[in-house]
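Subject: Structure handover

Hello,

Here is the structure we talked about. Please open it next to this note.

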Amino acid sequence: MNAVPLLLIRALFGAAVVVALAGCSDEREPERRERVAAPAGDAVARLTWLSPTDGTEPALWLASREAGSDVAPSDPAVADWQARLADADDRFGETDRMIANRAVQLETMLGEIKVAEPARELLADFSGLAAKGSRSGFSDLCQHYYNLRARGLSRDTALAALRSEGGGKAGEGAP
């Protein structure tokens, strides 16, 4: 009679193993992995504007936007933008961050009315309208220029209108 319980235990154990193995297949359940986004190589270039708390330097942002992908802070284009923004800072009352944002905003707004003028040209044109030390309003110039262009005026005509209106208050000593 001792053999019956031992056989019964072996049979039950064998059945349990067979049931356990029957539930297994060669296919494994796919591993669950956390999705981690790779760092974008153009995160700065894709910014639409710089918030007041964004630590990105405006010159780096403008150079990256212009290049279409992020550039190194040591890139010569960044130094060029820094010089342009420093010149604008001498002429306008806004910060370099605000000037960069407004130039890009105007570029975008003009693009929406099928006028292609890059921020670089806009900044250069507007700097010619304001004398150093005048602390003119860059944002005001942007709005007036957009309105003139939206009415159908050419670039040269719109800039001449701003100049004659004293839009930049260039006065004496203006370039």
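Below are the findings on the aromatic rings, then those on surface charge.

Bear in mind that this is a predicted model.

Aromatic rings

A search of the whole structure turns up three aromatic pairs. One of them joins F92 and F138: the centres are 5.0 Å apart, the planes meet at 75°, and the pair is edge-to-face. This contact links distant parts of the chain. F92 sits in the loop between helix 3 and helix 4 (96-112), while F138 belongs to helix 6 (residues 138-150). The two are 46 residues apart. F92 and F138 are both buried.

F138 also pairs with F126. Here the centres lie 5.6 Å apart. The planes stand at 65°, and the cut-off for edge-to-face is over 60 degrees, so this pair is edge-to-face. It too links distant parts of the chain, with F126 in helix 5 (residues 119-127) and F138 in helix 6, 12 residues apart. F126 is buried, like F138.

Taken together, ring pairs tie F92, F126, F138 and Y145 into a cluster.

Surface charge

Which residues gather in a patch of negative charge on the surface? They are E57, D89, D90 and D96. D90 is part of helix 3 (residues 76-91). Its relative accessible area is 36%. That value falls between the 20% limit for buried and the 50% limit for exposed, so D90 counts as partly exposed.

Best regards

Notes:
Residues are numbered from 1 along each chain as its sequence is written. This is a predicted model: local features need pLDDT of at least 70, side-chain atom pairs count only at pLDDT 80 or more; totals for chains, interfaces and linings use all residues. Side-chain values use heavy atoms; hydrogens and water are left out. Patches are made of residues with over 30% relative accessible area and no salt bridge: like charges are joined within 9 Å, nonpolar side chains (Val, Leu, Ile, Met, Phe, Trp, Tyr) within 5 Å. Accessible areas come from the Shrake-Rupley method with a 1.4 Å probe; for residues, only the protein chains shown count as cover. A salt bridge is a side-chain nitrogen of Lys or Arg within 4 Å of a carboxyl oxygen of Asp or Glu. Lys and Arg count as positive and Asp and Glu as negative; His and the chain ends are not counted. The place of a charge is taken as NZ of Lys, CZ of Arg, CG of Asp or CD of Glu. Helices (H or I, at least four residues) and strands (E, at least two) are DSSP runs, numbered from the N terminus. Buried means under 20% relative accessible area, exposed over 50%, partly exposed in between (1.4 Å probe, protein chains only). Rings of Phe, Tyr and Trp (its six-membered ring) pair if their centres lie within 6.5 Å; planes under 30 degrees apart count as stacked, over 60 as edge-to-face and the rest as tilted.
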